[in-house]
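This report describes how the helices of one protein pack against each other and where its nonpolar residues gather. Please keep the sequence and the model in view while reading.

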Amino acid sequence: MVKTPTSPKPKRRSPITRAEGEQRLIDAAIQLVRERPFSEVGVRDIAAAADVNHGFVHTWFGSKNDLLIAATRQLVEMAAAKVADAAPGQQAVNPFEPDVQLAIRLAIWLDLEGANARDLLKEMPIITALTQRFIDVEGLSPAIAQIAAVQATAIGIGVVTFSPLIDIDEPAK
């Protein structure tokens, strides 16, 4: 009897921490929803792109929508960091920036899907960052700064949501 050589078994993935796995899933989800319609991105697609077992999506996040909420939260936190870092006289946040648009569209889509996306707006870091900027840079009182931040955020959401319908890609410079 002649033995035929067998192909070597694929190398097992090295173990990862939960924090690393969650971040890899969030990063993969963001990348995939940049490339395709949200409804066409599945849990297995995200897990494969993250090189993580798809079962961990449910273990660590609960559902695809909960993972997308975490991804949206990360995008919003990145925008808030840019607001905090913007120099006086510079635009604090650009609603036409692709990641800002993605965060807004994801939040709206998740809300329409019935996900608990409202939590994204309750303690939205962008409102906190804008409020602080309006206090520090514009000299507004905290109460007025908070109102202005909420209004600016609502206007930004409206611009991103409706600009494709009225054929606006970016404001004139």
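The sections below cover confidence, the nonpolar core, two helix pairs and one buried residue.

## Model and confidence

This is a predicted model, in which local features need pLDDT of at least 70 and side-chain atom pairs count only at pLDDT 80 or more, while totals for chains, interfaces and linings use all residues. Residues are numbered from 1 along each chain as its sequence is written, and side-chain values use heavy atoms, with hydrogens and water left out.

The mean pLDDT (the predictor's confidence in each residue, from 0 to 100) is 86 for the protein, and 86% of the residues score at least 70. Among the elements, helix H6 (residues 119-122) has the lowest mean pLDDT, 64, and H2 has the highest, 96; helices here are DSSP runs of H or I with at least four residues, numbered from the N terminus.

## The nonpolar core

The largest nonpolar core (a set of buried Ala, Val, Leu, Ile, Met, Phe, Trp, Tyr and Cys residues joined through side-chain atoms within 4.5 Å) holds 46 residues, and Leu25, Ile46, Leu67 and Ile126 have the most contacts inside it. At least two residues each come from helices H1 (18-35), H2 (43-50), H3 (55-60), H4 (64-85), H5, H7 (125-136) and H8, with H4 giving the most, 10 residues.

Leaving aside neighbours within four places in sequence, Ile46 is in contact (heavy atoms within 4.5 Å) with Leu25, Ala28, Ala29, Leu32, Val41 and Leu67.

## Two helix pairs

The axes of H4 and H7, as lines fitted to C-alpha atoms over the stretch in contact, with angles from 0 to 180 degrees between N-to-C directions, come within 8 Å and cross at roughly 10°. The two helices are therefore roughly parallel, a term for angles under 35 degrees. Val76, Glu77, Ala79, Ala80 and Val83 of H4 meet Pro125, Ile126, Ala129, Leu130 and Arg133 of H7.

Helix H5 (residues 98-112) and helix H8 (residues 142-162) pack at about 85°, with axes 10 Å apart, which makes H5 roughly perpendicular to H8, the term for 65 to 115 degrees. Here Gln101, Ile104, Arg105 and Ile108 of H5 meet Gly156, Ile157, Val160 and Thr161 of H8.

## A buried asparagine

Asn65 lies in helix H4 and is buried, with a relative accessible area of 18%, where buried means under 20% with a 1.4 Å probe and protein chains only. Not counting residues up to four places away in sequence, Asn65 touches Trp109, Leu110, Glu113 and Ala115.

Methods: Parallel < 35°, antiparallel > 145°, perpendicular 65-115°, else oblique. Buried < 20%, exposed > 50% of the residue type's maximum accessible area, 1.4 Å probe, protein only.
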